[in-house]
Amino acid sequence: MRRASSSKDPDAAPTPPSGGHGATAPPETLAWVGDGDGYVDLLDQTRLPLEEVRLEIREVPEMVRAIQRLCVRGAPAIGIAGAYGVVLGCRDADRSDRDDVLARASEAAALLSRARPTAVNLVWACERAIARARREHASGASGDALVAALLEEARSIHAEDAAQCRRMGELGAELLRGGETILTHCNAGALATGGIGTALAPIYVAAEQGKEIRVFADETRPLLQGARITAWELARAGIDVTVIVDGAMAGTISRGAVDAIFVGSDRIARNGDVCNKVGTLGVAVLAERYGVPFYVVAPLSTFDPATETGAGIPIEERDPSEVRAYRGVVSAAPDAAVCNPAFDVTPAELVTAIITEVGRIEHPDRASVEAALASGGRLG
Ligand code: MRU
């Protein structure tokens with residue numbers, strides 16, 4: 001895994017978010033560089049906000065590791081990474097043997113889709129890539145044509161995600177008049193997607209429309225995606241952002257300082273239960289207690305029609321070392337046991353609306369989720 005200093009893909013750059021005067025767009029989350037023999041260039045998000053280091057990923061195990069270490073993270077972004085990773089899986093295939101190309105791609109998809117268990121976008125994107133490869137193979141495509149099709153599919157997933165982020169941003173910005181203070185949890189911004197983000201997209205679009213928006217970013221223990229990544233990307237975009245520790249959330253909401261909450265999601269069950277970064281459930285309970293609207297912003301690729309309720313969503317349990325220390329500084333008694341779930345599930349009844357690229361699902365339940373999935377072609 002080589003390190004580089006800057007991104008350079010001319011083909012897949014989505015429209016960057018922009019906020020106030022002097023705003024700087026975030027660096028591109030990830031990009032494919034070159035043709036079918038190319039590589040993935042991605043921002044190592046573990047180094048933010050101290051350093052902007054880019055990684056050149058050329059092998060499937062490197063991509064699996066980059067996803068597991070959260071170098072690339074956020075549900076839509078790891079889906080895109082998975083799809084590009086399937087193309088990397090063909091690097092060592094014998095291109096004159098189209099069966100070998102399909103077999104290597106399938107093996108890569110199986111490995112990549114298991115890299116992290118919760119975000120369904122990863123499985124969805126890998127399955128979509130392999131479905132395309134199987135169709136091409138069945139119609140007699142050569143090994144080279146299979147690789148070209150896989151790259152085209154991955155680029156489509158990336159470009160569609162960028163377009164969906166913008167659409168969700170437009171729909172979410174309709175809820176904002178200007179002057180609001182929004183609270184968000186974790187990072188569901190540009191750096192979690194191939195576009196302008198999910199939860200942060202309405203904020204970027206509202207800012208483009210000249211609306212003044214303030215943001216509270218929960219720090220999001222233990223890996224600080226809110227304090228390190230959300231605050232960094234919003235500040236660069238010229239958006240007024242204030243970091244609060246997770247423990248300050250309740251007091252901040254209770255004193256009426258928050259007008260609305262916008263969060264992303266890693267997987268939404270068929271009944272509308274929403275899985276997102278651990279701590280989101282607490283925000284949702286507070287939102288209901290204090291009468292603050294709680295919006296989830298997520299593309300249809302984050303919905304899992306095969307999972308009936310939130311109880312069926314696998315919750316990633318991460319290494320206790322993430323809680324015991326942060327960047328080498330001890331933060332828990334060494335002899336204490338540690339439990340480190342990375343996500344939690346918010347019941348649908350606590351969600352004011354889910355904003356998708358096909359519209360807003362108000363007070364989501366099984367019927368309204370199924371209607372949205374059907375309108376987006378995600379139900380058979
Ligand atoms: O562990 P992470 O950083 O990948 O968790 C990310 C989140 O929980 C995001 O809120 C979610 O993926 C939505 S991203 C648009």
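Hi everyone, this is a quick walk through the cysteines and the largest pocket of a predicted model.

Some ground rules before we look. Residues are numbered from 1 along each chain as its sequence is written, and side-chain values use heavy atoms, with hydrogens and water left out. As the model is predicted, local features need pLDDT of at least 70 and side-chain atom pairs count only at pLDDT 80 or more, while totals for chains, interfaces and linings use all residues.

Cysteines, then. How many disulfides does the structure hold? Zero, where a disulfide is a pair of cysteine sulfur atoms within 2.5 Å. Take Cys165: the closest cysteine sulfur, in Cys186, is 15 Å from its own, so that is too far for a bond. Cys186 is in no disulfide either, with the sulfur of Cys275 nearest at 11 Å. Cys165 has 0% relative accessibility and is buried, and Cys186, at 7%, is buried as well (under 20% relative accessible area; 1.4 Å probe, protein chains only).

Now the largest pocket, at about 310 Å³. For the method: on a 1 Å grid over the protein atoms alone, a pocket is an open set of points where a 1.4 Å probe fits, with protein on both sides within 12 Å along at least five of seven lines, and lining residues have an atom within 4 Å of a point. The volume is the space filled by probe spheres set on the points, which are joined across faces, edges and corners.

Of its 15 lining residues, Arg69, Leu70, Leu223, Arg318 and Glu322 are closest to the centre.

Thanks, all!

How values were computed. Buried < 20%, exposed > 50% of the residue type's maximum accessible area, 1.4 Å probe, protein only.
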